Amino acid sequence: MRPTQPLWRYRLAVASRTLAAVAGGYALTAAFTATAALALAQRSTRVDAVLAATLLAWLVYALAIAWVFFARTAWQAWCGVLGPAMLLGLAAQVPQWLAGAA
């Protein structure tokens, strides 16, 4: 049986996915926590909002790690983690921009 790709490419793909899971998952989780805390603070106290967002962030981090290793390619893994992280980070900045404009 002949391997379909060289061993170094396989190892590079696994290393890339691992980095996407750790660093990209962390970025996604941090952006989610900030956005969720701001959204939940509208209906509850700030302490409760931050606590709830932080607890939900553990689920988001686990799902991000699962997504990275379920993705078909390493590029899809990176895009699937960093794309939503950038959108959530942008959403977390919008209230500051609106408050500065008022």
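**Exercise 1. Is C79 buried or exposed?**

Some ground rules to begin with: this is a predicted model, in which local features need pLDDT of at least 70 and side-chain atom pairs count only at pLDDT 80 or more, while totals for chains, interfaces and linings use all residues. Residues are numbered from 1 along each chain as its sequence is written, and side-chain values use heavy atoms, with hydrogens and water left out.

*Solution.*
- Recall the classes: buried is under 20% relative accessible area, exposed is over 50%, and partly exposed lies in between (1.4 Å probe, protein chains only).
- C79 has a relative accessible area of 53%, so C79 is exposed.
- C79 belongs to helix 3 (residues 74-101); helices are DSSP runs of H or I with at least four residues, numbered from the N terminus.
- A20 lies 59 residues from C79 in sequence, yet their C-alpha atoms are 9.3 Å apart.

**Exercise 2. Compare the spans of helix 1 and helix 2 with what is expected.**

*Solution.*
- The expected span is 1.5 Å times one less than the number of residues.
- For helix 1 (residues 7-40), the 34 residues should span 50 Å, and the end C-alpha atoms are 47 Å apart, which agrees.
- Helix 2 has 25 residues and should span 36 Å; its end C-alpha atoms are 35 Å apart, and this agrees too.
- Now look along helix 1: a kink of about 25° is centred on G24. The bend is the angle between axes fitted to the seven residues ending at a residue and the seven starting there.

**Exercise 3. Find the largest nonpolar core and the elements that build it.**

*Solution.*
- Such a core is a set of buried Ala, Val, Leu, Ile, Met, Phe, Trp, Tyr and Cys residues joined through side-chain atoms within 4.5 Å.
- The largest one has 15 residues, and L28, F32 and V68 have the most contacts inside it.
- Helix 1, helix 2 (46-70) and helix 3 each give two or more residues to this core.
- Helix 1 gives the most, with six residues.
- Within helix 2, the buried residues are A49, A53, A57, V60, A64 and V68.

**Exercise 4. Classify A30 and L98 by accessibility.**

*Solution.*
- A30, in helix 1, has a relative accessible area of 37%, so A30 is partly exposed.
- The C-alpha atoms of A30 and L56 are 11 Å apart, with their positions 26 residues apart in sequence.
- L98, in helix 3, has a relative accessible area of 58%, so L98 is exposed.
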